[in-house]
Amino acid sequence: MKIESTLHNHVGGAPLAPLSPAPEYLDVISPVDGARLTRVVLSGPDDLDAAVCRAADAFDAWSNRTLKDRTQVFFRYRTLLEANGQELAELVHRENGKTVEEGRAEVLKAIEITEFACSLPQIAAGEVLDVSAGVECRVEHAPLGVVASITPFNFPVMVPHWTIPIALCLGNTMILKPSEKVPLSAQRAAELLTEAGLPRGAFNVVHGSAAAVEAICDHPGIRAMSFVGSTPIAQRVYVRATGRLKRVLALGGAKNHLVVVPDADPEQAAQNIIASMAGCAGQRCMAASVLIAVGPCEPILERICAEARRWTCGRELGAVISAQAKERIERIISEAESQGARVLVDGRRPRVDGCEGGFYVGPTVLDGVAPTMRVLDEEVFGPVLVILRVPDLESALAIENASPYGNAAAIYTRSGDTARRFARAAQAGMLGVNVGVPVPREPFGFGGWNDSRFGSGDITGKSSIGLWTQSKKITTRW
Ligand code: NAD
């Protein structure tokens, strides 16, 4: 993809220059090496309004096509995602900093969700029943109109695709507001959707930051919206948009606890725990953050540290999103150390040959952490793992369940009974047994609990049908 020197909104299938006489722009910096990739427009309410009008114009024609017909566009789109997968993965690498392989994994997940959307005619066909002699009730899923999706920086391809194929196949038209830090992948997705035959105006990209999000919350023409990002912003967006009587699902941040017991397979546990903590440079809402060792687990903990030392920045480990993020993560580690924590594996200030200007933090493991340290409660969003030690599973569950978040939690054990006790009692939306990133595969939905999610239902899978449609009940006497 040729990267333009300025990235404008994508409205009605083409770039749209900002409407303000004095538009604002933000430089997009590659975390890989600190190079400037482009600059992106920061939209205001007028720019959003232009996109909503275009999406509203496209709604009638798009929603009047049959569900089967709409999914044909996404069969073609799926093929285009596959054909352009490597290019997209490299774009993700450039703008987000994660490795090309991790970018590729995002594209595969986008393909999987597109396949799920293509199966909607089988799932969302509606229901019909003869409720008495000659009287029939039928239920149909009707689209809402113009909907919006606001996404974070950490998955430039995957998170937008949690919503794009499903909301559009169901007959809505859409505004995507991607993170201003990673606007390029969304732009490429918009081009591929047009190439797949999606009518112009059905999908629009509005770039920007807080002002654009606030305009989305307030716009009376947007019926429903999803938000994915940090908890404080998710809360603010949820309150503001529901205050404007919109349907909202807002997913927030996380602090995920992984529990290891002595009967765990040491090799499997070590590899899986470090992959969860260090994959995507720890910038995953599903990342392992706190490891709770139950009883005598020393041999497993030693293997975990050995595995962490094996991950090398620039090879297995990508960059974090910005210089500020790197500085913040390293400050949190140093703060814990100065308060008495032991740094078993130290990832601060790594050298990455050829990428000296990049923003890298290596895998870091902390032990001896006191309850007062912020590394224990705050979402670090970097490759940092804290080890806690407790005598029994109940104590581990008490720590996990005291967290205000509830995105993911996992246990490493070979005992079915221990796994079952954990799965019954853990207060989180997505649980793993010997799986450190327990993202449900389609058709099961993605969504956490507590401060990791505001609103009801999941953002993908069958339950997302309820987010993007309203049910129409038709009673007929023949
Ligand atoms: P963020 O909250 O800073 O930004 C998310 C979106 O909100 C972006 O589009 C951004 O432009 C916009 N935004 C930023 N500041 C705003 C403001 N003041 N008002 C309104 N909108 C604003 O999140 P991020 O740093 O891009 O992403 C990382 C966070 O996202 C982490 O907390 C991570 O856990 C979370 N996340 C959660 C999930 C999940 O499924 N629960 C998935 C991915 C990421």
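Here are legends for a set of close-up views of this predicted model.

**View 1. Two domains and the contacts between them.**
Start with the overall split: domain 1 takes in 6–252 + 452–477, while domain 2 covers 256–433. Domain 1 is thus written as two stretches of the chain, and domain 2 as one. Taken over C-alpha atoms, the centres of domain 1 and domain 2 sit 32 Å apart. Where the two meet, 19 residues of domain 1 are in contact with 21 residues of domain 2.

**View 2. The largest cavity, with Gly-282, Ala-287, Ser-289, Glu-379 and Phe-381 nearest its centre.**
How many cavities of 30 Å³ or more turn up in the model? The count comes to two, and this view shows the largest, with a volume of about 100 Å³. Its lining is made up of 15 residues. Sorted by class, that lining splits into eight nonpolar, four polar and three charged residues. Glu-379 is one of the five residues that lie nearest the centre, and Glu counts among the charged types.

**View 3. The second largest cavity, lined in part by helix 7.**
This cavity has a volume of about 40 Å³. Which element gives the most to its lining? That would be helix 7, residues 184–196, which puts in three residues. The lining includes Ala-190, Leu-193 and Thr-194, and those three numbers fall within the helix 7 range of 184–196. The lining also takes in Leu-198, Pro-199, Arg-200, Gly-201, Ala-202 and Phe-203, with His-10 and Gly-13 completing the set. By class there are six nonpolar, four polar and one charged residues here. The charged one is Arg-200.

**View 4. The second largest pocket, with strand 7 giving the most to its lining.**
Now for a pocket: the second largest has a volume of about 350 Å³. It is lined by 19 residues, and Ala-124, Ala-125, Glu-140, His-141 and Ala-142 are the closest to its centre. Three elements each supply at least two lining residues: helix 2 (67–83), strand 6 (127–132) and strand 7 (135–143). Of these, strand 7 gives the most, with six residues. Glu-140, His-141 and Ala-142 from the central group have numbers inside the strand 7 range of 135–143. The lining as a whole has nine nonpolar, four polar and six charged residues.

**View 5. Asp-69 paired with Arg-65.**
The structure holds 35 salt bridges, and here is one of them. The closest N and O atoms of Asp-69 and Arg-65 are 3.0 Å apart. Is this pair buried or exposed? It's in between: Asp-69 is partly exposed, with a relative accessible area of 31%, and Arg-65 counts as partly exposed too, at 27%.

**View 6. A salt bridge within helix 4, between Glu-112 and Lys-109.**
The side chains of Glu-112 and Lys-109 meet at 3.7 Å, N to O. Both belong to helix 4 (residues 100–118), and because they are three residues apart there, about one helical turn separates them. Glu-112 is buried, and so is Lys-109.

**View 7. Asp-218 and Arg-240, a link between helix 8 and helix 9.**
Here the side chains of Asp-218 and Arg-240 form a salt bridge, at 2.7 Å from N to O. Asp-218 lies in helix 8 (residues 210–218) and Arg-240 in helix 9 (residues 231–243), so this pair ties together parts that are 22 residues apart in sequence. Asp-218 is partly exposed, at 22% relative accessible area, and Arg-240 is partly exposed as well, at 33%. Turning back to the helix 4 pair, salt bridges that share partners join Lys-109, Glu-112, Arg-441 and Glu-442 into one network.

**View 8. Ala-89 and its surroundings in helix 3.**
Ala-89 sits in helix 3, residues 85–96. At 0% relative accessibility, Ala-89 counts as buried, because buried means under 20%. What does Ala-89 touch, leaving aside its neighbours within four places in sequence? Its contacts are Val-100, Gly-103, Arg-104 and Val-107. Cys-280 is 191 residues away along the chain, yet its C-alpha atom and that of Ala-89 are separated by 13 Å.

How values were computed. Residues are numbered from 1 along each chain as its sequence is written. This is a predicted model: local features need pLDDT of at least 70, side-chain atom pairs count only at pLDDT 80 or more; totals for chains, interfaces and linings use all residues. Side-chain values use heavy atoms; hydrogens and water are left out. On a 1 Å grid over the protein atoms alone, a cavity is a set of points where a 1.4 Å probe fits but cannot get out, and a pocket is an open set with protein on both sides within 12 Å along at least five of seven lines; lining residues have an atom within 4 Å of a point. Grid points are joined across faces, edges and corners, and a volume is the space filled by probe spheres set on the points. Helices (H or I, at least four residues) and strands (E, at least two) are DSSP runs, numbered from the N terminus. A salt bridge is a side-chain nitrogen of Lys or Arg within 4 Å of a carboxyl oxygen of Asp or Glu. Buried means under 20% relative accessible area, exposed over 50%, partly exposed in between (1.4 Å probe, protein chains only). Domain bounds come from an automatic or database domain assignment. Contact means heavy atoms within 4.5 Å.
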